[in-house]
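Please work through the exercises below with the sequence and the structure open beside you. Each one sets a task and is followed by a solution that goes step by step.

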Amino acid sequence: MYDILVIGTVTKDVFLKSGDFQVVKDDRFRTGRAGCFVLGAKLTIPQVAMASGGGGTNVAVGLARQGFKVGCIGRIGDDSVAKEIIEEMKEEKVELLFTVDKENNTAYSTILVSPDGERTVLEYRGANEYMSENDIDWKDLKSKWVYIDSISGNIELLEYILDWAKKNSVRVVFNPDQKLIRMGKDIYKYIERADIFIANEDEYAFITEIEYDEEKEEKIFQEIKSIAKGIVVMTKGPRGVIAADKKNIYSAGVPDSPVVDRTGAGDAFGSGFVSGYIQSGGDMESAIHFGIANATSVVKYFGTKKGLLKKDDRHNFNKVEIKTYKIV
């Protein structure tokens with residue numbers, strides 16, 4: 001019996017940070033900013049890091065470091081990169097339920113990090129693109145929770161997981177990938193089936209088909225809250241988080257903290273929030289505090305796992321102020 005099964009992507013990440021990666025204003029893009037470097041030049045890369053990545057392994061390690069018995073379901077290639085990831089996951093005490101793809105390589109990402117910690121990801125999806133419900137021996141699989149992360153937009157797999165969870169009384173965390181987000185309001189029927197739904201502000205806007213700006217934030221959040229039967233969480237990066245259960249709405253900012261690399265902050269928040277929620281017996285403030293602490297710790301380092309908090313760090317962090325509003 002697992003405490004939590006995590007289903008998601010498995011990648012090898014290479015992080016490159018350089019002062020030669022410039023950030024420029026450009027209104028053609030959603031963020032209003034773009035990364036820029038000189039073509040035809042040889043650029044100096046003073047900082048390089050290599051580690052496993054992907055939503056599946058990031059969340060699994062975050063939960064395992066909190067003492068949960070975690071199984072990670074994913075798809076890898078038959079290559080040297082996969083062997084490195086397997087060894088790393090074993091060291092983190094994550095039980096591996098990986099399928100080996102004989103035709104496609106393990107996924108690989110090159111992450112270009114700007115001087116202020118923002119990043120652009122160049123992604124080869126590889127074996128992740130071929131995840132299937134047939135990869136998993138469902139009949140002997142037992143768990144208290146399942147955390148659905150990136151599954152490459154595979155609707156058949158998503159429905160299979162949700163049906164399996166309902167049949168076996170398994171509680172569901174749903175953090176959809178970009179392909180599922182692009183379904184817009186068609187994803188509502190899956191959000192309704194989650195005990196905890198987590199996505200960022202841009203993803204909330206895409207799902208609700210309401211263009212995001214801060215003035216519309218409450219409207220966007222309320223729409224998802226109105227269709228969800230469980231807890232909903234909207235992360236807002238350096239601006240904090242909004243969450244709601246059936247009694248209250250909770251709002252919190254994030255503490256001032258050094259930022260080296262923001263990659264993995266969302267996964268760190270997700271694993272921290274779920275850890276805090278379960279360990280506190282369902283206390284929302286504990287979940288938010290630990291989610292923010294975990295994400296804040298991760299962005300201080302290169303990579304998606306180095307800063308993930310361990311069980312001994314469980315209460316060794318500064319708690320942020322949480323504003324609570326009763327739902328009328």
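## Exercise 1: A residue at the surface

Task: Decide whether V48 is buried, partly exposed or exposed, and place it in its surroundings.

Solution. V48 has a relative accessible area of 47%, and since partly exposed covers the range between 20% and 50%, V48 counts as partly exposed. Bear in mind for this and every later step that the model is predicted. The next step is to find the element, and V48 turns out to be part of strand β5, which covers residues 47–53. Finally, V48 joins I45 and M50 in a nonpolar patch on the surface, and together these residues have about 270 Å² of accessible area.

## Exercise 2: The nonpolar cores

Task: Find which residues touch the most other members of the largest nonpolar core, and which residues V146 is in contact with beyond its neighbours within four places in sequence.

Solution. The largest nonpolar core has 43 residues, and those that touch the most other members are V146, I148, F174, I191, F197 and Y204. Helix α3 (residues 155–167) gives this core its largest share, namely six residues. Turning to V146, and leaving aside neighbours within four places in sequence, one finds contacts with L5, I7, I161, W164, A165, V170, R171, V172 and V173. A second core, separate from this one, has 42 residues, among them Y147, I196, F269 and V274.

## Exercise 3: An enclosed helix

Task: Explain why helix α6 can be described as largely enclosed by the rest of the structure.

Solution. Helix α6 spans residues 201–208, and because six of its eight residues are buried, the rest of the structure largely encloses it. The buried residues are E201, E203, Y204, A205, I207 and T208. To see what surrounds them, look for the elements they pack against, which are α4 (178–181), α5 (188–191), β12 (196–200), α7 (217–227) and β13 (231–235). The ends of the helix complete the picture: N200 caps the N-terminal end, with a side-chain oxygen 3.1 Å from the backbone nitrogen of D202, while the residue that follows α6 is E209, whose phi is positive, near 60°.

## Exercise 4: Salt bridges along the chain

Task: Among the salt bridges of the structure, work out what parts of the chain are tied together by K144 and D3.

Solution. The structure holds 17 salt bridges, and in one of them the side chains of K144 and D3 meet at 3.4 Å, N to O. K144 belongs to strand β10 (residues 143–148) and D3 to strand β1 (residues 2–7), so the pair ties together parts that are 141 residues apart in sequence. K144 is itself partly exposed, at 48% relative accessibility.

A further salt bridge joins the side chains of K102 and D78 at 3.3 Å, N to O. This pair links distant parts of the chain, 24 residues apart, with K102 in the loop between β7 (95–101) and β8 (107–113) and D78 in the loop between β6 (70–77) and α2 (80–91). K102 counts as exposed, with a relative accessibility of 67%.

R125 and E129 also form a salt bridge, in which the closest N and O atoms are 2.9 Å apart. Salt bridges with shared partners join E123, R125, E129 and K179 into one network.

## Exercise 5: Buried polar side chains

Task: Determine whether N175 and N248 are buried or exposed, and find a polar partner for each.

Solution. N175, which sits in the loop between β11 (171–174) and α4, has a relative accessible area of 12% and is buried. A polar atom of the N175 side chain lies 2.8 Å from the backbone oxygen of I198. Its contacts, apart from neighbours within four places in sequence, are Y147, I148, D149, S150, I198, A199 and D267.

N248 lies in strand β15 (residues 248–252) and, at 10% relative accessibility, is likewise buried. The side chain of N248 makes a polar contact with the side chain of Y250, at 3.1 Å. Beyond neighbours within four places in sequence, N248 is in contact with A243, T324, Y325, K326 and I327.

Key: Residues numbered from 1 in each chain as written. Predicted model: local features only at pLDDT ≥ 70, side-chain atom pairs only at ≥ 80, totals over all residues. Heavy atoms only, no water. Core = buried A, V, L, I, M, F, W, Y, C linked by side-chain atoms within 4.5 Å. Buried < 20%, exposed > 50% of the residue type's maximum accessible area, 1.4 Å probe, protein only. Helix = DSSP H or I, 4+ residues; strand = E, 2+ residues; numbered from the N terminus. Contact = heavy atoms within 4.5 Å. Polar contact = N/O pair within 3.5 Å; in protein donor to acceptor, adjacent residues only side chain to side chain. Patch = residues over 30% accessible without salt bridge, like charges linked within 9 Å, V, L, I, M, F, W, Y side chains within 5 Å. Areas by Shrake-Rupley, 256 points an atom, 1.4 Å probe, with all protein chains shown as cover. Salt bridge = Lys/Arg side-chain N within 4 Å of Asp/Glu carboxyl O.
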